[in-house]
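Student: I should like to learn how to read a protein structure that I have not met before. May we go through one together, feature by feature?

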Amino acid sequence: MSALSVMSGTWEGAGVAAQLFAGGLPPGKARRAGVAVLSCPPRSSLDASDVSSVEALPFMTFVGGAQSLAGGACSGAATPRARPEQRGSPHPPSPAAPRPGPAAVKAGGGAPAGAAPPRKGQGYRRLWQMVSRVQRGERLGDSSGAREDVTVEDLIRVVQQTPAGASAVDVVAPGLAYLDSRAVAALLKGLGKSGLGTRAVEIFDFLRALAHDHELSGLADVFTYTTMIAQCNSHHQLRRALELVAEMRSRAVPLANELDLGLDVYAQMLAEGCAPNLVTFNTLLDIHHKAGRWGDAVAILDQLRHQNLKPEARAYNAVINTCNAAGRYAEGAAVHEAMLAAGVEPNAATYGAALTSYARSGQLDAALSLFGIMAARGHERGASAYAAVLAACEPAGRWDVALELLQQMEREGVRPSTACLTAALTACLRGGQPARAEALFERMCAVATPDAATFNALVCVYARLGKAREAVHVLEALLRGGQCVDPPARDAAMDACWATGVVELQRYAVQLHDAAHAQGLHHAAVAERACPEGNLLEVQLPSGPPHVALIGLLHALRELRNHGAATLAAPAMAKVVLRLALQGQDAAAMHRVLAGQLAATGAPFTLLPAPGGADELRFGADAPAVAEWLRGGALAAALGVLALPGRGVDGMLAAQEDAQREIKCRQALLSVQAFEANAGVDPAAIPPALLVQRGELVQLLLRAAPCLGLPAEAGHDAAQLLDRVLASGLASCDGGRLLAGACLALLAPGGASSMGMLAAVFQASPQALLLAAGQVRALLGGRGAAISAMRVLRLLVERLGVEGDDAASTRHVAGQALAVACRAAASPAFVGVPPSVAAVAVLYASRAAAGLLPAWPAALASLTGFPEGSELLAPYVEAAMQLVLEAPA
């Protein structure tokens, strides 16, 4: 029994049990005597150099490592590496011959031919089996099959006797098969003390160079590495020491779990007739907890009941914690309920473990009930208990309960922990209250220090609020700080950046997507299978928020375009199906984005019904039609958005530049709105005859402006002035051309040459134009300035990150908006429409027709105040879309 306890963290009882069994003490007394030793404090470390005989190693080395490694360099390791066994030495033996004995090693001989290879990782278990075979009156080693001693001193003597030109590895390799890593570390240290440091280096380098699957490769672990690094220190070999440290980090050799030995001891107890008691079962629970065997831990409770033993609260707590550690929270909650049904009184540890079980399994009501019982029974409810209940609010999005719990913490004087802040933040986010989450973060930062999980949640909060720049700043801080970025946070930032419509932020989103793609995420899965019509190519698109799914769609289509042509051209290929699992995403929003992109590029895909009501979108098309479409120019243009610039996008810099651009554009738009308030046009005031003539006059103005060396916007500005004049009643049908020329003359630079060119274009004398221009100026009260829809359209394009007259860049964000704006200026549907409204409608329709999604970017919605789907915009967007459809191909 005491040896069983060794496997869960103590060591003294193991040696006692071995001696008791070997000395012939009856098993029951041996068990009780061994258990008594458990009260001794565990040994915290073991100096391998003090171990001279391997006979003492099976128990001592295991537990010494378990204690020392818990806080050592190999963090997270519960047990040291098991001693590896040799399937073959440097001179592979034949499987028919017996294993070489210690005598051969002491004599310096190699492994005899035919040595049977021991099983890997079975050293301690085999030694325990030797112990369990000792009969009354026998000594360890008397039983059949018991091995002889191989000591570190023997191996050192063998090396000392080895000629200088001979290999030390050849003579010690058979003995290494009997040692664990601590004993090998003692060997290396002993060789160094004996002046044989080069031999120690030779043996250790041999172990380092072994293949990963070699039986002796495990001997190069933290103990042997540390020993050799220490020898480097004593010999002033700094470079080699650093190389070994780097090699340790790169190899990351995991420590093996030898808890199975404890189970072997337990099985031997049962075979010897030892009846387990509560202490035995509690030790078994510790073993199963460390091994992560939650099912075996739960089964222990059944065994206790079958043996009429009543489990204590400690046993139930251990099982609940084991279930929680394995992520089996529902099972942990069930164990707690069984505990209450059995009449066992919970303690403080029970409440903490059970709260975690209920919280993580989504049982908020049960967690709140248990939380109230804690207070009623006088148990302290600290920050950890609050954090557990707050965690239960996350899945259900119960932000109201989460905020109430935080207020209750404040009333009770409990300082919220980081986990409390993160859980409440996530609950608000999932409950559709991102604004509350943002306010909570700003308020709680004074009392709780945010961690990586908090900032990941904050990225999602900012993204949900449409604050893409803030999301980028937090995300970049995480990345630059080397912190873990959760996929949901990364996807939320991608979605928010793409939704802005700003070129540089969209490129940043593509950069994030490509980085995730390189890590094996957001990959489309392509499979070919048979269908009644022939073969079917099925493309499973990566899931995510709508615009992340859009980028994934474009990536998949690019791969299909570049590498799938031969597959689609095969005669047997009949259909292509695109599938997207919704995974809780808004089906309407997802369909709007993906179907809009496919339709804008002329894709032959149509929406298919999901089989069996599956929560997914499916688009299907004939393979030949898809093959032809993939070769077309419309798709190539859409895929151009995936082309990143030559340099990587600096997210923080892109966000800062966008903030400055927004300020500039917002100030300009305020000037536009101030102009619109004082320069409105009533379409009903324009005589019908002049309204008919107006279209021709506007087209003349748009053609004339470039001829005069004026920017294109000047013609649009003159057209707006003309509308104000026509609505004033000043014009007559025969004077319309003259007034149009006068409006453009007001915007043209002075000079006889300009006036002469105007007179020629509008078929009027310079004197008549001058006179008409004076009348127009007087009519407008001296306010000859104008801001047309074209100027506002340029402003909106600039807000999306495109400045200047680069046609290609403008098409990238606006499609054919500039050409559509020219047709809208001459259209009766836009007479009297405020320039900002006309520009918004034209840009919206043009982006939608070009497949630039979202059609109405978040950056423009924030700038103009027009949300997507605005009822005010609807008739103008429809009119603009008609102009788009009427445009020549």
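The dialogue below moves from the overall picture to the sheet, the cores and some individual residues.

Student: What kind of model is this, and how many helices and strands does it have?

Tutor: This is a predicted model. Its secondary structure comes to 44 helices and 5 strands. Of the 889 residues in the protein, 50% are buried. Among the contacts with a separation of 6 or more, 72% are between residues 24 or more positions apart.

Student: How should I read a sheet, and in which order do the strands lie here?

Tutor: The general idea is that strands of a sheet pair through backbone hydrogen bonds, either parallel or antiparallel. In this structure, 5 strands form an open sheet with mixed pairing, and their order is S1-S2-S3-S5-S4. Strand S1 (525–531) and strand S4 (606–608) are the edge strands, each pairing on one side only. On average, neighbouring strands of this sheet are turned by 30° against each other, direction ignored.

Student: Which way do S1 and S2 run relative to each other, parallel or antiparallel?

Tutor: S1 and strand S2 (residues 534–541) run antiparallel and are joined by 7 bridges. The link between S1 and S2 is a hairpin through 2 residues. To follow the pairing residue by residue, begin with Ala530, whose bridge partner in S2 is Asn535. Then find Ala525, which stands opposite Gln540 in S2.

Student: How does S2 pair with S3?

Tutor: Here the strands run parallel, and 7 bridges join S2 to S3. Asn535 has Met573 as its bridge partner in S3. Asn535 is also the partner of Ala530, and this residue therefore helps one to trace the mixed pairing of the sheet.

Student: What lies across the strands, and is S2 mostly covered or mostly open?

Tutor: Helix H28 (residues 546–563) lies across S2 and strand S3 (573–581), and runs at about 140° to S2. Helix H30 (residues 587–600) lies across S3, S4 and strand S5 (616–622), at about 20° to S5. As for S2, the strand is mostly covered, with 6 of its 8 residues buried. When you inspect the side chains, recall that in a regular strand they alternate between the two faces of the sheet.

Student: How do I read a nonpolar core, and which residues have the most contacts inside the largest one?

Tutor: One looks for buried nonpolar residues that are joined through their side chains. The largest nonpolar core has 148 residues, and those with the most contacts inside it are Leu355, Leu440, Leu568, Leu598, Phe605 and Trp629. Setting aside residues up to four places away in sequence, Leu598 touches Leu553, Leu557, Leu578, Ala603, Phe605, Phe619 and Trp629. A second, separate core has 39 residues, including Leu739, Leu744, Ala825 and Val831.

Student: Why does Val792 count as buried?

Tutor: The cut-off for a buried residue is under 20% relative accessible area. Val792 counts as buried because its relative accessibility is 1%. This residue is found in helix H39 (residues 789–799). Not counting residues up to four places away in sequence, Val792 touches Val672, Ile787, Pro835, Ser836 and Ala839. Val792 and Ala668 are 124 residues apart along the chain, yet their C-alpha atoms are separated by 9.0 Å.

Student: Are the charged residues Asp658 and Arg661 buried or exposed?

Tutor: Both count as buried, because Asp658 has a relative accessibility of 3% and Arg661 one of 15%. Asp658 lies in helix H33, and the place of Arg661 is also in helix H33 (residues 651–678). The side chain of Asp658 makes a polar contact with the side chain of Arg469 at 2.7 Å. Leaving aside neighbours within four places in sequence, Asp658 touches Arg469, Val502, Leu505 and Arg799. On the same basis, Arg661 is in contact with Val502, Glu798, Arg799, Gly801 and Glu803. Val502 and Arg799 thus appear in the contacts of Asp658 and of Arg661.

Student: Finally, how many disulfides are there?

Tutor: A disulfide requires a pair of cysteine sulfur atoms within 2.5 Å. By this rule the count is 0 disulfides. Two of the cysteines can still be read for burial: Cys531 is buried at a relative accessible area of 17%, and Cys665 is buried at 0%.

How values were computed:
Residues are numbered from 1 along each chain as its sequence is written. This is a predicted model: local features need pLDDT of at least 70, side-chain atom pairs count only at pLDDT 80 or more; totals for chains, interfaces and linings use all residues. Side-chain values use heavy atoms; hydrogens and water are left out. Buried means under 20% relative accessible area, exposed over 50%, partly exposed in between (1.4 Å probe, protein chains only). A nonpolar core is a set of buried Ala, Val, Leu, Ile, Met, Phe, Trp, Tyr and Cys residues joined through side-chain atoms within 4.5 Å. Contact means heavy atoms within 4.5 Å. Two strands pair if DSSP finds at least two bridges between them. Helices (H or I, at least four residues) and strands (E, at least two) are DSSP runs, numbered from the N terminus. Axes are lines fitted to C-alpha atoms, for helices over the stretch in contact, and angles run from 0 to 180 degrees between N-to-C directions. A polar contact is a pair of N or O atoms within 3.5 Å; within protein, one must be able to donate a hydrogen and the other to accept it, and residues adjacent in sequence count only if both atoms are side-chain atoms.
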